[in-house]
Amino acid sequence: MPVLLNIGTLATCRAPGGQGEIHSIPGAALAWGADTVRWVGPENELPSEFHSWETWDAGGRLVVPGLIDCHTHLAFGGWRADEFEQRILGQSYLDLAGAGGGIASTVEKTRRQSEDDLFNRAAGFLDRMTPLGVTTVECKSGYGLSLESELKLLRVYRRLADRGPTRIVSTFLGAHMVPAEYRERRAAYLDLVIGEMLPAVARDKLARCCDVFVEESAFSIEEGRRVLLAGKALGLAPKIHADQLTAGGGAELAAEVGALSADHLECISEVGIRALAASSTVAVSLPLATLYLHHQPLPARRLIEAGIPLAVATDFNPGSAPSFHLPLAMMLACTLQRMTPAEALKGATRYAGRALGLEDRIGSIEPGKSADFAVLDADSVNQWLYHFSPNACVATVARGAAIWNSAGIC
Ligand code: NIG
Ligand code: FE
């Protein structure tokens with residue numbers, strides 16, 4: 001049972017207060033037993049019962065809760081680097097999708113991959129997220145879009161969860177787009193999602209959440225509502241890709257169905273902001289997607305001023321956000337969206353945990369919570385995200401065990 005001593009500053013990210021209140025403790029100590037935090041506070045107040053415990057040395061560094069990437073599309077076949085160049089040359093995301101690229105081209109490549117190949121590749125991505133301080137990753141299906149291929153992706157996530165050490169939260173995104181073979185029969189595709197895919201996912205307990213891409217080019221509000229309510233009736237918590245390319249009422253739908261989160265929101269309307277503010281839904285900002293698609297940034301200040309908790313995630317996928325670097329997304333939340341570093345941190349920990357319905361277990365450093373944290377080579381949260389280095393994280397601890405340790409803290 002270890003105690004981490006000599007912590008320069010520990011940001012607990014406890015819930016009280018607003019987005020920027022991360023409840024830091026200078027000169028902290030942190031004790032945990034097995035996988036659970038037992039005590040955190042100023043080192044000079046460490047209770048005597050912990051004095052005989054094994055000690056680890058943080059070397060005066062910054063300690064934050066394990067980072068939570070609450071929105072990724074982790075398992076997919078191939079890449080789309082050609083589209084990256086075409087967008088730079090002036091094509092839009094929708095132009096490329098209309099020309100047979102976009103999500104449809106990844107669906108084709110994903111369907112061709114075996115479950116083992118998808119598993120090995122996604123495991124490799126997770127293993128490169130661990131050294132960044134990431135301890136929990138939400139993973140969406142949505143590149144299968146047939147019963148068998150959607151289940152294949154969700155089985156990959158279940159195997160990744162069983163493999164550890166990263167905590168995995170799976171989300172069913174069968175309503176990502178209407179696949180090519182159903183283009184003229186979208187009602188039949190929705191029947192497949194609602195009548196066959198969702199019951200199979202729920203029966204095998206393959207996902208915790210159900211997501212829908214609500215957008216002119218994907219699904220309407222009415223279609224999204226049907227899918228999300230059907231998922232909810234089967235015990236899957238709703239999430240929405242909302243108001244990404246146009247203000248389509250996605251945020252309002254998220255509030256209406258009691259979604260855990262409404263994600264993207266670059267084009268959210270005033271009405272949408274008011275609806276989210278009156279709900280318990282978390283807004284999730286995905287600034288890498290904003291940057292890669294040359295979009296206007298999410299109006300983070302307006303959301304925060306309205307009292308809406310705002311998470312930050314990568315949206316890692318081969319199209320709009322081909323990077324899994326969560327600290328980079330946090331830096332972009334600061335520079336593009338004008339969130340302070342403390343606000344971005346609470347967004348990638350506490351509120352990200354809330355966006356997954358796991359706030360009682362992860363997202364902050366408090367007694368009773370999972371012992372998930374990262375040790376960063378910085379003397380403050382401001383310094384960490386300001387002096388953006390390839391990786392400031394020297395140690396990652398998940399469920400009480402060091403899963404990355406590059407500076408010999410233990
Ligand atoms: O979150 N917006 C919809 N889905 C993804 C992009 C998927 C893709 O381009 O492959 C997103 O941005
Ligand atoms: Fe996404």
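Contact here means heavy atoms within 4.5 Å. With that in hand, here's a quick tour of this predicted model. Two things to look for are an iron ion (ligand 2) held by His-71, His-73, His-241 and Asp-315, and an open sheet of eight strands. A pair of helices, α8 and α9, makes a good starting point, as they pack with their axes 8 Å apart.

**The α8 and α9 pair**

- On the α8 side, the residues that do the touching are Ala-251, Glu-252, Ala-254 and Ala-255, and they meet Val-271, Gly-272, Ala-275 and Leu-276 in α9.
- Helix α8 covers residues 250–257 and helix α9 covers residues 270–277, and the angle between them is about 20 degrees. That makes the two helices roughly parallel, because angles under 35 degrees count that way.
- As for handedness, α8 passes α9 in a left-handed crossing.

**The iron site**

- Four residues coordinate the iron ion (ligand 2): His-71, His-73 and His-241 each use NE2, while Asp-315 uses OD, at 2.1 to 2.2 Å.
- Read along the chain, these donors follow the spacing H-x1-H-x167-H-x73-D.
- His-73 and Asp-315 bring distant parts of the chain together, as they sit 242 residues apart. You'll find His-73 in the loop between β6 (67–69) and α1 (81–88), and Asp-315 in the loop between β13 (310–312) and α12 (326–337).
- Are these two donors buried or exposed? His-73 is buried, with a relative accessible area of 2%. Asp-315 also counts as buried, at 2% relative accessibility. The cut-off for buried is under 20% relative accessible area.

**The eight-stranded sheet**

- The strands line up in the order β6-β7-β8-β9-β10-β11-β12-β13, and the pairing is parallel.
- Which strands are at the edges? They're β6 and β13, and each of them pairs on one side only.
- From one strand to the next, the twist averages 25 degrees.
- Helix α5 (residues 147–163) packs on the sheet and touches β7 and β8, with a direction about 175 degrees from that of β8. Since angles over 145 degrees count as roughly antiparallel, α5 and β8 fall in that class.
- Helix α12 packs on the sheet too, touching β6, β7, β12 (282–285) and β13. Its direction makes about 85 degrees with that of β6, so the two are roughly perpendicular, a class that runs from 65 to 115 degrees.

**A closer look at β7 and its partners**

- As background, strands of a sheet pair through backbone hydrogen bonds, either parallel or antiparallel.
- Strand β7 (residues 134–140) is largely enclosed by the rest of the structure, because seven of its seven residues are buried.
- On one side, β7 runs parallel to β6, and three bridges join them. If you want a spot to zoom in on, Asp-69 stands opposite Val-137 in β7.
- β7 also pairs with strand β8 (residues 167–175), in the parallel sense over five bridges. Look for Thr-136, whose bridge partner in β8 is Arg-167, and for Lys-140, which stands opposite Thr-171 in β8.

**Ser-170 and its surroundings**

- Ser-170 belongs to strand β8.
- Ser-170 counts as buried, at 10% relative accessibility.
- What does Ser-170 contact, leaving aside its neighbours within four places in sequence? The residues are Cys-139, Leu-154, Tyr-157, Leu-206, Ala-207, Arg-208 and Cys-209.

**Backbone oddities to check out**

- There's a cis peptide bond between Gly-164 and Pro-165, with omega at about -5 degrees. Pro-165 sits in the loop between α5 and β8.
- Leu-265 isn't a glycine, yet its phi is positive, near 65 degrees. This leucine lies in the loop between β11 (261–264) and α9, and Leu-265 is buried, with a relative accessible area of 0%.
- Arg-399 has a positive phi as well, at about 50 degrees, although it's not a glycine. Its place is the loop between β15 (393–398) and β16 (401–405). Arg-399 is partly exposed, with a relative accessible area of 36%.

Methods
Residues numbered from 1 in each chain as written. Chains lettered and ligands numbered in written order. Predicted model: local features only at pLDDT ≥ 70, side-chain atom pairs only at ≥ 80, totals over all residues. Heavy atoms only, no water. Donors = N, O, S within 2.8 Å, 3.2 Å for Na, K, Ca; no water. Helix = DSSP H or I, 4+ residues; strand = E, 2+ residues; numbered from the N terminus. Buried < 20%, exposed > 50% of the residue type's maximum accessible area, 1.4 Å probe, protein only. Pairing = 2+ DSSP bridges. Axes fitted to C-alpha atoms, helices over the stretch in contact; angles between N-to-C directions. Left-handed = near helix turned anticlockwise from the far one by under 90°.
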